[in-house]
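Trainee: Could you take me through one part of this predicted model in detail? I'd like a close look at a single strand and whatever surrounds it.

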Amino acid sequence: MLRALAVIAVLAGSAAGEPLPALPVIHAPSVEPARPTIVEVFAGISTIFPGTEAGSLGLRAMRTVWSAELSLDLGIPETKQTVEVWRGGATVAVCRHLSLIGLCPIAHAGWIRGTETAPLIAVGGRLEVELQIKHWLAVRTRFDGRVLVTSTAFEANGVTVYETPRAEAWLGIDVLLRIPR
């Protein structure tokens, strides 16, 4: 609108025989479009050193370079002498993404079952590398280091057959599918 008024004023001035003034330049502020929140579901497998394997399902929301996720995992039972040990729980991670790499503090709350059921709580960190295959599909590998806050020991016939370690290292791979909006 202002530009149209300026053109009219210039034309009116040139009709009166006056020299044409320069048109004013109006700069509109550039507005960067907001990046939408991306929501993804994922499924994966992971293994602890040494031994236990687990499957996980989760949900992740990403906004710019940050993401938050919640995953549920269930371990494959392992037999320690005469005791079958099960474990499962939920993990929460908040990640800062630097291109392909993500760095995340994590918290895990769950249970471990052998001769009895006990709580399993751990905190730690994650290093992940993610490869975007399509706009709706990605694959990531992750390395989780956890320190267990709780400790549990299972006994059979008065002998300790299993004891939770103080720290755990998990290696996993996940497939992420973007939920269309």
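Mentor: One term before we start: contact here means heavy atoms within 4.5 Å. With that in hand, take F154, which, leaving aside its neighbours within four places in sequence, is in contact with V83, V85, I112, R113, G114, T115, E116, V159, T160, V161 and Y162. Several of those names come back when you look at the largest nonpolar core, whose eight residues are V83, V85, I112, A118, F154, A156, V161 and Y162. Three strands, β5 (83-98), β9 (153-156) and β10 (159-163), each supply at least two residues of that core. As a rule of thumb, nonpolar side chains in soluble globular proteins tend to be buried together.

Now walk along β9 itself. F154 and A156 point to one face and are buried, while A153 and E155 point to the other face and aren't. That's the usual habit: in a regular strand, side chains alternate between the two faces of the sheet.

Next, look at the partner strand. β9 and β10 run antiparallel, with four bridges joining them, and A153 stands opposite E163 of β10. Follow the chain round the hairpin and you'll find two residues between the strands, with N157 taking a positive phi near 60°.

So what's the picture to keep? β9 puts F154 and A156 on its buried face, and both belong to the largest nonpolar core, while β10 pairs with β9 through those four bridges.

Key: Residues numbered from 1 in each chain as written. Predicted model: local features only at pLDDT ≥ 70, side-chain atom pairs only at ≥ 80, totals over all residues. Heavy atoms only, no water. Core = buried A, V, L, I, M, F, W, Y, C linked by side-chain atoms within 4.5 Å. Buried < 20%, exposed > 50% of the residue type's maximum accessible area, 1.4 Å probe, protein only. Pairing = 2+ DSSP bridges.
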